Amino acid sequence: MELTNDLDMLIKLAMELQSIAQNGLTYTKDHYDQERFERVREISAQIMAMKTGFSIEKVKDLFCNETGYQTPKIETRAAMFSESKILLVKEQGKWALPGGWIDYNETIATSTRREVKEETGLDIEPLRIIAIQDRNKHNWPKFAYGICKVFILCSIVGGSFQPNFETTESQFFLFDELPILDEDKTTYSQIQMCFEAFYNEKWEVIFD
C-alpha cells in the first residue's frame, strides 16, 4: 500500500511540475526563464516515464505537447436507457458509455448529441447531469493532465446504429449482465451510478 501511495505522489508531483512549466512558458518573456521552464518540463517527463513504464518519447507526446495556460479537459459520457437496460458501445473489444472530448466551440449538450450520433447513429436529447468527476480519481490509468468527466442522462428520440470508424457495435445491457468494460472510459461503479440516477427522479448531481 505504501508503494502505491508513493507512486501516486510521485506522479502527482510530476504533473504539478509539468503544469508549472507549461504555465511559465506561456507567460515568461525572459529567454533564461524559458530555458529553466523547459528543463522543469523535461524533468517532469523523465519522472513520469520512470514511474509509468512508458518511453520518454511517449510521455512527451502525451504529457508535454500542449501550450497555453494548463486547465482540465472536459469529456462527456451519455447514459441512455431502454427497458431498464443501459446503452453501451463497443470499441477495440471492450464496452463503454458513448462519449468523448468537448470541442472548443461546443456546449456540454451539443457535444453529447454529436458524440452519441457519431458512435451510435442515435438522435438523443440530454435531460440532466448525473455527475461531474475528476477522471484521475475514478479511472485508470491516470492521465498526466486533468480531465473532468461529465455524465449526462439522455433520452433517445430517433435514429439507429450506423457503422463508423470509432465503434463496432452498440447494445443495451442489464446491470448484472454487463460485458467487459473499457475502464479507461467507463467503470462499473460509474455505470451503477447512472442506473441509480435513472431510477431516482430526485437525483442530485455528484461532483468531486
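**Glu83 is exposed in the loop between two strands, with a relative accessible area of 71%.** Exposed means over 50% relative accessible area, buried means under 20%, and partly exposed lies in between (1.4 Å probe, protein chains only). The model shown is predicted: local features need a pLDDT of at least 70, side-chain atom pairs count only at pLDDT 80 or more, and totals for chains, interfaces and linings use all residues. Residues are numbered from 1 along each chain as its sequence is written, and side-chain values use heavy atoms, with hydrogens and water left out. The loop that holds Glu83 runs between β1 and β2, and Ser84 has its place there too. Most residues other than glycine have a negative phi. Glu83, although not a glycine, has a positive phi of about 55°, and Ser84, also not a glycine, has a positive phi of about 65°. Ser84 is partly exposed, with a relative accessible area of 31%.

**The whole chain is shown with its helices and strands.** The chain contains six helices and eight strands; helices (H or I, at least four residues) and strands (E, at least two) are DSSP runs, numbered from the N terminus. Along the sequence they follow the pattern α-α-α-β-β-β-β-α-β-α-β-β-α-β. Along the principal axes, the C-alpha atoms fill a box of roughly 60 × 40 × 35 Å. Of the 208 residues, 37% count as buried. About 12100 Å² of the chain is exposed, and carbon and sulfur atoms supply 55% of that area; accessible areas come from the Shrake-Rupley method with a 1.4 Å probe, and for residues only the protein chains shown count as cover.

**The chain is divided into domain 1 (9-64) and domain 2 (73-207).** These bounds come from an automatic or database domain assignment. The centres of the two domains, taken over C-alpha atoms, are separated by 31 Å. Four residues of domain 1 are in contact (heavy atoms within 4.5 Å) with four residues of domain 2. Tyr69 is found in the loop between α3 (56-63) and β1. Leaving out residues up to four places away in sequence, Tyr69 touches Gln22, Asn23, Thr26 and Tyr27. Tyr69 and Glu106 are 37 residues apart along the chain, and their C-alpha atoms are 20 Å apart.

**The largest nonpolar core has 19 residues.** A nonpolar core is a set of buried Ala, Val, Leu, Ile, Met, Phe, Trp, Tyr and Cys residues joined through side-chain atoms within 4.5 Å. Phe81, Ile86, Leu88, Ile130, Phe151, Ile191 and Cys194 touch the most other members of this core. The elements that give two or more residues to the core are β1 (73-82), β2 (85-91), β5 (122-134), β6 (147-159) and α6 (188-199). With five residues, α6 gives the most. Neighbours within four places in sequence aside, the contacts of Ile130 include Ala79, Phe151, Met193, Cys194 and Trp203.

**Five residues, Ile108, Ile129, Ile132, Val205 and Phe207, make a nonpolar surface patch of about 400 Å².** Patches are made of residues with over 30% relative accessible area and no salt bridge; like charges are joined within 9 Å, and nonpolar side chains (Val, Leu, Ile, Met, Phe, Trp, Tyr) within 5 Å. Ile129 lies in strand β5 and, at 30% relative accessibility, counts as partly exposed.

**Salt bridges link parts of the chain, and the structure holds 13 of them.** A salt bridge is a side-chain nitrogen of Lys or Arg within 4 Å of a carboxyl oxygen of Asp or Glu. In the bridge between Lys185 and Glu91, the closest N and O atoms are 2.6 Å apart. Lys185 lies in the loop between β7 (169-173) and α6, and Glu91 in strand β2, so this pair ties together parts that are 94 residues apart in sequence. Glu91 is partly exposed, with a relative accessible area of 21%. Asp184 and Arg135 also form a salt bridge, with closest N and O atoms 2.5 Å apart. This pair links distant parts of the chain, 49 residues apart: Asp184 is in the loop between β7 and α6, and Arg135 is in helix α5 (residues 135-138). Asp184 is partly exposed at 25% relative accessible area, whereas Arg135 is buried at 0%.

**Arg114 and Glu118 meet through their side chains in a salt bridge (3.3 Å, N to O).** Both residues lie in helix α4 (residues 108-120); they are four residues apart and therefore separated by about one helical turn. Glu118 counts as partly exposed, at 35% relative accessibility.
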